[in-house]
Amino acid sequence: MVRKLRLRGRLGERGALDRLTGTVTSGRSAVLVVRGEPGIGKSALLDDYAERISRHRVVRVAGVESEMELPFAGLHQLCAPFLGHLDRLPAPQSEALATAFGLSSGPPPDRFLVGLAVLSLLSDAATEDPLFCLVDDAQWFDEISAQTLGFVARRLLAEPVALVLATREPPGRAPLAGLPELVLKGLEDAEARALLDGALRGELDDRIRDRILDEARGNPLALLELPRGLTATETAEGFGPPVPAPAPTADRIEQSFRRQVSSLPVATRRLLLVAAAEPIGDAVLLRRAARQLGIEPGAAAPAEEAGMIDIGALVRFRHPLLRSAVYRSAGLLERQETHRALADVTDRALDPDRRAWHLAWATLAPDEAVAAELRTSAARAQSRGGVAAAATLLAYAATLTPEPRVRAARAVAAASAKLRAGAPDAARKLLTMAEEGTLDEFDQARVHLLRAQIAFASSRVSQTAPLLSAARDLVPLDAALARETFLDAISAAMFAGRLSADADVGAVARAAREALPETEGPRTADLLLRTLAARFGTGYRDALPLAKRAVGRLLVEPDAGEVLRWSWLTSAVAADMWDDEGWAALAARHVRTARATGALSELPLALNSQVLVDLFAGALDAASLLTAEIPTVLEAVGGDLAPYGALTLAALKGDEPHAEQLIRSSLEDSAARGEGIGVSIAQWARAVLCNGAGKYERARQAADQAAAHAQDLAAANWGLCELVEAAVRSGERDTAVDALDRLDEATGGAGTEWALGVRARARALLGTGTAAETLYREAVERLARTRVRTELARAHLLYGEWLRRENRREDARAQLRTAHAMFTGFGAGAFAQRSGRELHALGERTAGRSATAPTALTAQETQIAQLARDGLTNAEIGAELFISPHTVEWHLRKVFAKLGITSRRQLRSSLGDRPLAPAPA
């Protein structure tokens, strides 16, 4: 039997866990990552903690090194006790989790939707009694299980759930980076000596004792195991071999385990090897494999008597390092024979993936039958959302494929999967394997494409050319894939913009048009490519009808994957074409689809697009809520995104210190990322900020930079609008005329009310007399028929300023009052002040913005309150915001207290109908 020793010392660590218990029993969640080297006492600490909280519900699981390639294996261990309650979750969540665990079939679930399902499941399990989830050896959880646990840990808040994860991984390693942690160090000298002496069964020479203490450095397992490898003569008299060279603690412990294993009978060692190679600790499977190998039933006795292994319902080693010592000390042929036996006794119908895994480890020579089973397992992993596991299985399959041409093609497929799984280095190695084989023309083109995609993923700077070359190679082989690759090249060129010498989006679009002159498919990608080829080839007039078709096509696209893939680029096209209706509809659908499908990694980009739509619509409060949500989502997914929405919001609000800080940071980040388009957006935001504040010379300089590169879709056009106004106000008429000429070309070609409205406004700035007034009226009338309310308010402001300078005071008051009321309602502080100064010059006093509800709510409280006001249930709100229903309820209690209400019915009277600005962070 595996013997457990009493935990020594660790008073501080036990106290930290006791405080965690108090937090959870009071109704709040708690997360703790326990870090430390192998043998330092993480497992013992968890054992001790589990005993002390045994009155509560405790779930113990442990990662297994050999299961790291099986998708969701670790997560399935954690959730297994609660799977009977799947039907309590919202349908999308229960379906995602059932698919991930192979309980049902369906499309591959988004990993963040799976994470939300786990969060809801644990929250539900803790309804009646606090739940304590203790995870040992988390460093050996499969990748997607580890990512999901990291997601859940960051979203726990108001649930009585504890998540304690013990791991060897160093701080800063994703996905547990940034979580609260407890670092275990070696025992103090007195405790170390006491532990060593308590484990000895005889006398120990003082010199040997000192040597062991020095080598162990307080590591409890080392103190227990290092003496086991010494003979009686060595321990009593010190006449042993010279002290070995210092080695890492794990290596020293494993060497000690190997010495202990080597003293066992041959049959016992063979049985231990079977147990070490069988990852799930299935005692029945162990006995079957032992019979297959001719190992006698009593072979386990010496290992059990030595406390190395415990064979009950499950098979447990004394320590994971003992398992690895057993496995590594065996010869290659012996390990292969063991895996072959385990494959033979693993049920082909019930556990085909683990059987295929054993076959892979049992096989060195190419074997098509094994390769085929691995590919089937990879397909199953892919269907459950196990992208990383599928990639690994495909790589094994490629290695074991005997026929050179097929092996090369499979290596290409495995490389593609590795790249999707975020492992570019592994993808490169597989591409090298593929190129060493026999590739047909199509696979050669795919290799070229994958290398280009790897280069682009590594750095967006100067990576347009490889994508363009790959697209050309694909034209005669796969026209659809070629069009998508041309679009990827266009996107790369757009992102890189001015910061890359080869990022000429016009040249890329023209190349696409030349390569595919008469080709058009029905997909959004096909229409987008034709739109951009026209936009950068022959101009707005030719591109506009194509853009409308692309927007319309995507708005009815039934495939959520296509919506997520192409929404950003199509939205940029709509904004560039001055199509405010299409732009707003696309952004809204992008957000809805990302939320509905649980595509949390896509959500920040979708929210950023919606923020810009809201800003142009004058919905600054709604934009504030979304801007506050973006960092929370990015933290959950471990992502990164330039704060374009936040800096534009700050600029339009007139919050100069905050806006300038974000703008400067964005400009630095854009340079580091190689995103030239980021320069245009940041400089456009600065121009808006300075025009609002009346700092026209600074606005002119920024707008000139924003408008300098026409390939920056939408942002360059918006920069031209700011440039005309700033140049006129700073007395640089020639600059204004030049900017107007460029704006005429962009707006005249588009011909929408938004385009013609801002063109009329810009022309009026350069006009005089009756002509100017006619243009101002045209601008107001046209923009009044659009969604871009901030543009309309600015038209009223400019018209009112012109009327005051014409000494038409009453007419000026009417326009300026309208402008001031609109800007004040929006919360556009600087423009409200500018219109207020004009009214003051006319002898009028102005009032500031009046709130319709208290603004003491945080951003998340405000968002939850508004969703509850609109009739959503706690579960629906939680699904939309990626939090648990318990957390929603906790926030609502705080909302009710702050608003002085007691029920949801009172939310509408307290909040009104419009979005409420959250309290400043």
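Is Phe 101 buried or exposed? Phe 101 has a relative accessible area of 11%, so the ring counts as buried (under 20% relative accessible area; exposed is over 50% and partly exposed lies in between, with a 1.4 Å probe and protein chains only). Before going further, a word on the model: it is predicted, so local features need pLDDT of at least 70 and side-chain atom pairs count only at pLDDT 80 or more, while totals for chains, interfaces and linings use all residues. Residues are numbered from 1 along each chain as its sequence is written, and side-chain values use heavy atoms, with hydrogens and water left out.

Let's take in the whole protein. Its secondary structure comes to 46 helices and seven strands (DSSP runs numbered from the N terminus: helices are H or I of at least four residues, strands are E of at least two). Of the 921 residues, 57% are buried. Among contacts (heavy atoms within 4.5 Å) between residues at least 6 apart in sequence, 70% join residues at least 24 apart.

Now back to the rings. The whole structure holds 17 aromatic pairs (rings of Phe, Tyr and Trp, the last by its six-membered ring, with centres within 6.5 Å; planes under 30 degrees apart are stacked, over 60 edge-to-face and the rest tilted). One of them joins Phe 72 and Phe 101 edge-to-face, at 6.3 Å centre to centre and 80 degrees between the planes. Phe 72 sits in the loop between β2 (57-62) and α3 (73-79), and Phe 101 in the loop between α4 (91-100) and α5 (111-125), 29 residues apart. Phe 72 is buried too, because its relative accessibility is 1%.

Phe 616 and Trp 684 give a stacked pair, 5.9 Å centre to centre with 5 degrees between the planes. This pair links helix α30 (residues 603-616), home of Phe 616, to helix α34 (residues 676-693), home of Trp 684, across 68 residues. Both Phe 616 and Trp 684 are buried. Ring pairs also tie them into a cluster with Trp 578, Trp 583, Trp 718 and Trp 754.

Finally, look at two packed helices. Helix α25 (residues 505-515) and helix α26 (residues 524-537) pack at about 125 degrees with axes 8 Å apart (axes are lines fitted to C-alpha atoms over the stretch in contact, and angles run from 0 to 180 degrees between N-to-C directions). The two helices are therefore oblique to each other (under 35 degrees is roughly parallel, over 145 roughly antiparallel, 65 to 115 roughly perpendicular and the rest oblique). Residues of α25 including Val 505 and Ala 509 meet residues of α26, among them Leu 529 and Phe 536.
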